[in-house]
Amino acid sequence: MSIQENRFQAIISHAKEYGFVFQSSEIYDGLSAVYDYGPFGSELKKNIRDYWWKSMTQLNGNIVGIDAAIFMHPTTWKASGHVDNFSDPMIDNRDSQKRYRVDHLIEGYTESLKETGQEAKAEDILGLMDSLIAKDDFAGLKKLIEDNKIICAVSGTANWTDIRQFNLMFSTQIGSLSEEADTIYLRPETAQGIFVNFLNVQKTARMKIPFGIAQTGKAFRNEIVARQFIFRMREFEQMEMQFFIRPGTQKEWYEYWKEARLKWHLSLGIPAEKYRYHNHVKLAHYADAALDIEYEFPIGFKEVEGIHSRTDFDLSQHQLYSKKKMQYFDAEIDEKTGKPFGNYIPYVIETSIGLDRMFLLILSHAYDEEILIKDDGSKDSRVVLHIPPVIAPIKLAVFPLTKKDGLPEVARAIMDECKPHFRCFYEEKDAIGKRYRRQDAIGTPFCVTVDHQTLEDQTVTIRFRDTMLQERIPVKEIKKIVLNSIC
Ligand code: GAP
């Protein structure tokens, strides 16, 4: 295993050991590519969601939120193109019966080429793969696999079936009697809940173009190749925003959101060199331009967010299928004609980020195994999560040095003062050093210790997670210091 793969495995173990992420229904041996979030994981996830929601809605006067249902009328997915187009090319190995997504199979092979120094050959193969996928040339893709003698990791053979498309939507039945029940889908993206509500929102919130509608919520995809922990899941959460604009302005708004979204990532203090843009060669059926914001995970640079110029595709399709007008009347005067812009179906720029993937990004960024040199020259170590304070699950831990002499009462009073404002944690068990380490492991940025001096001069020791420095501060300063770091 490479150092990076080891690091990835260490992150996965840590996430479980410290109550961030558990395999779903683990007591029944789990469900593949489905995960549950534990006490600290659910806090972290909620904080990331809130951080996104605030930046999208509260800080942008022209973006409002909605919370649409997961179940939607089945025609939605016909209109959006998902029934016909939401599929991936797959190939099966006849010997192992294992199914692969074609791009993943080829990419896996090119990774192994790169590891043996054959970078140029790997790039050639990837370039050819992109162009074949763009043309839906399945025969060409199969030939590429055969020519390079790409084998199945399980059977070790190259006994491949033809390449076929598999739809990724989950379906279920709505209605009580099976003969009356209709097939409906679990939404594969939250975006369509926004499109079908475009007019409701525009009219009731009196929005003027350009404006956006934001939403967070669950999405479901029957991913065939489900691995890499919470990177690719079958049930996951998206944070999406559709920005409605005048036709013809899509290039400038695409550039705007491309930069704005990267700035959001950097605002969390994550270094810019860990990010890159990846322009799509093969565009989704709805897009006239698209890119991914990629982050360098321990498993390599991978997509965390997509920026898509979706044209008027979705609204036009919903107008066609529902026979309801999806137009907007733009009263603003067009300088070219001297007349109002009038009625049109707006164009859309979409920003779409996976909440679980952002969670994994934060863990990947934050996880650190540090070797510490003590004053006497001996070595110690700690595992610490350098989670940005604004999204840390716990902001402040409060420790009485001992369980007696009135120290717990003072510590409890600090808890009472702070807990209405941010998440705090109280602990009186074990030595202080051990308590610090436990908080480091869940990413708590501040710990305060109440000791006997506190009783005399109302000061405490505050200990900073990242530097491990300790300072004496007045009790009344604690709340302010923490609030300053998270606002
Ligand atoms: N509405 C557009 C859309 O859904 P996408 O590129 O398919 O676009 C957007 O998905 C984001 O959702 C991705 O960048 C990724 O972060 C997240 N995502 C997609 N599929 C996922 C999966 N199977 N597991 C976890 N996150 C996923």
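How many nonpolar, polar and charged residues does the shell around the ligand have? This tour of a predicted model ends its first stop with the count.

**Stop 1: the shell.** Select the ligand, then the residues around it. There are 21 of them. By class, six are nonpolar, five are polar and 10 are charged. Now pick out the residues that come nearest: Glu-189, Arg-221, Met-233, Glu-240 and Glu-303.

**Stop 2: the polar contacts.** Zoom in on Glu-189. One of its polar side-chain atoms sits 2.6 Å from a nitrogen atom of the ligand. Go on to Met-233. Here a polar atom of the backbone is 2.8 Å from a ligand nitrogen. Next, select Gly-354. Its backbone N or O atom lies 3.0 Å from an oxygen atom of the ligand.

Show the surface now. On its own, the ligand would expose 550 Å². The protein buries 93% of that area.

**Stop 3: the strands.** Colour by secondary structure. Which elements give two or more residues to the shell? They are β10 (235-245), β13 (300-311) and β16 (347-354). Select β13 and look along it. With six residues, β13 gives the most to the shell.

**Stop 4: the whole chain.** Zoom out and colour by domain. Domain 1 is listed in two segments, 3-73 and 170-363. Domain 2 covers 89-167, and domain 3 covers 394-486. Select domain 2 and domain 3 together. Their C-alpha centres are 54 Å apart.

Note on methods
Residues are numbered from 1 along each chain as its sequence is written. This is a predicted model: local features need pLDDT of at least 70, side-chain atom pairs count only at pLDDT 80 or more; totals for chains, interfaces and linings use all residues. Side-chain values use heavy atoms; hydrogens and water are left out. A residue is near a molecule or strand if one of its heavy atoms lies within 4 Å of it. A polar contact is a pair of N or O atoms within 3.5 Å; within protein, one must be able to donate a hydrogen and the other to accept it, and residues adjacent in sequence count only if both atoms are side-chain atoms. Accessible areas come from the Shrake-Rupley method with a 1.4 Å probe; for residues, only the protein chains shown count as cover. Helices (H or I, at least four residues) and strands (E, at least two) are DSSP runs, numbered from the N terminus. Ala, Val, Leu, Ile, Met, Phe, Trp, Tyr, Cys and Pro count as nonpolar, Asp, Glu, Lys and Arg as charged, and the others, Gly among them, as polar. Domain bounds come from an automatic or database domain assignment.
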